[in-house]
Each structure stands twice: as structure tokens, then as C-alpha cells.
Amino acid sequence: MLVLPIAHIEAIDRADLNRLLVAWGHRMGPYTRPSFTIEAHHALFVEGEPVAVAAAGETVRERVGQTDLGRTDVVELVRLCAAREHLCRPMLRLWREIVFPALATVHQRPIAVSYQDECLHSGNLYRFDGWIDLGKGGRGGADTRTGRPGRKLRIWGWAATPAERDALRKRMA
């Protein structure tokens, strides 16, 4: 008997990503950043239907928060969203273990970062997945580019290999 895959990950385009982000009510809405060197969107499918998405790109700013990491050092996990509660956790783990290592190799960027809005999220998703707390971002004042009120952000990092993770921990200590 031929059994189709129960779940799989595949690349999706920006239009599909944005359709799903809007349908699932992501608080930041569609992905509207300009295309930089990196733009890679993936969906987790269960029985042929998308149930979670992850969008990766470059950081908007030259520096990652108050760290010494620059835009060309990292891949940013820009959006993570799911159709149902509790599906972000497996998507994050699969992105970290399968998608990110490929992006790190292709773009020569061994560190993934993700900005977490401290007003909206506790940080447990990244903390319990083993990501490294890289510190704070955002200034709390108005965004100098858009004029919108700034947000208090926590920055999480993940490195492609155990040796790079140890080096990142030491760098942040």
C-alpha cells in the first residue's frame, strides 16, 4: 500500500507566505521587507495542507540590537506563524534543524537570530528550544524609520554547529 507523507516542509513564495500570515492572524501582518540577499520562506504541510510557516531574511538594521553581530553575520527568522496553537514549536525546531543549516551554508552566515516582542510573547518558545538569549533590542521610543512606537524586543540566537553555539555563548557572556 502506498502511503503519502503525513508531513513535509517545502519552500513557498512570498505571496503564499503572506496569504497564510493574514489568514492565521499574525500580529505583524504580511512580510513586506524589501528583498535583500536572503529571502527564504518555508511551510510545514500536514496531509497536503499548510499548517505553519517560517520566513527568513536579512536584518533590517546593520547591527543586531546591542550585540557585535552584523547583518552579514546572521540569517534572521523574520516570521513564525501557525494555523493552530502549538504548531509553532515543531516548525521552529524543524526550521532550526533542517532549513537554517542549509541557509547558513549557502549564505556563509552561521548564526540565526529572531526578535521577540516582549509585550506579546514570553520567550519560552525560543528558550525551551535551546536558543541563546543575545540581549535586548528596540529602544522603546518611536521607530526612526517609520515613526511607529518602538517595541521592547528580546533577541534570540542559534548557531549552526555546537562549536559555533559555544562561541556565541562566550561572545554574549
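Trainee: Where is the place of arginine 19?
Mentor: Good place to begin, and keep in mind that this is a predicted model. Arginine 19 falls within the stretch of residues 14–23. That stretch is helix H1.

Trainee: Is arginine 19 buried, partly exposed or exposed?
Mentor: Let's work from its relative accessibility, which is 48%. Buried would need a value under 20% and exposed a value over 50%. Because 48% lies in between, arginine 19 counts as partly exposed.

Trainee: Which residues of H1 are buried, and do they lie on the same side or on opposite sides?
Mentor: The buried residues of H1 are Leu17, Asn18, Leu20 and Leu21. Around the helix axis they cover an arc of only 165 degrees. Therefore these four, Leu17, Asn18, Leu20 and Leu21, lie on the same side of H1.

Trainee: Which exposed residues does the face of H1 turned away from the buried side carry?
Mentor: First, picture what covers the buried residues: the cover includes strands S1, S2, S3 and S4. Now turn to the face that points away from the buried side. The exposed residues there are Ala15, Val22 and Ala23.

Trainee: What does the side chain of aspartate 13 reach to at the start of H1?
Mentor: Look at a side-chain oxygen of aspartate 13. This oxygen comes to within 3.3 Å of a backbone atom at the start of the helix. The atom it reaches is the backbone nitrogen of alanine 15.

Trainee: Why is strand S2 described as largely enclosed?
Mentor: S2 spans residues 39–46, which makes eight residues. It is largely enclosed by the rest of the structure because of how many of them are buried. That number is six of the eight.

Trainee: How many bridges join S2 to S1, and how many join S2 to S3?
Mentor: S1 covers residues 7–12 and runs antiparallel to S2; one bridge partnership here is isoleucine 12 with histidine 41. S3 covers residues 49–57 and also runs antiparallel to S2, with leucine 44 standing opposite alanine 52. The counts are six bridges between S1 and S2 and eight between S2 and S3.

Trainee: Which residue takes a positive phi in the hairpin of S2 and S3?
Mentor: This hairpin has two residues between its strands. One residue there has a phi near 50 degrees. That residue is glutamate 47.

Trainee: How many disulfides are there, and how far is the sulfur of cysteine 88 from the closest cysteine sulfur?
Mentor: The count comes to zero disulfides. Cysteine 81 is in no disulfide, and a disulfide needs two cysteine sulfur atoms within 2.5 Å. The closest sulfur to that of cysteine 88 is in cysteine 81, too far for a bond, so the pair stays unbonded at 6.0 Å.

Trainee: How many aromatic pairs does the structure hold, and how are tryptophan 95 and tryptophan 131 arranged?
Mentor: The structure holds four aromatic pairs. In the pair of tryptophan 95 and tryptophan 131, the centres are 6.5 Å apart and the planes make an angle of 20 degrees. Planes under 30 degrees apart count as stacked, so this pair is stacked.

Trainee: How far apart in sequence are the parts that this pair ties together?
Mentor: Tryptophan 95 lies in helix H2, and tryptophan 131 is in the loop between helix H3 and strand S6. Both tryptophans are buried. The pair therefore ties together parts of the chain that are 36 residues apart.

Notes. Residues are numbered from 1 along each chain as its sequence is written. This is a predicted model: local features need pLDDT of at least 70, side-chain atom pairs count only at pLDDT 80 or more; totals for chains, interfaces and linings use all residues. Side-chain values use heavy atoms; hydrogens and water are left out. Buried means under 20% relative accessible area, exposed over 50%, partly exposed in between (1.4 Å probe, protein chains only). Two strands pair if DSSP finds at least two bridges between them. The arc is that of the directions from the helix axis to the C-beta atoms. Contact means heavy atoms within 4.5 Å. A polar contact is a pair of N or O atoms within 3.5 Å; within protein, one must be able to donate a hydrogen and the other to accept it, and residues adjacent in sequence count only if both atoms are side-chain atoms. Rings of Phe, Tyr and Trp (its six-membered ring) pair if their centres lie within 6.5 Å; planes under 30 degrees apart count as stacked, over 60 as edge-to-face and the rest as tilted.
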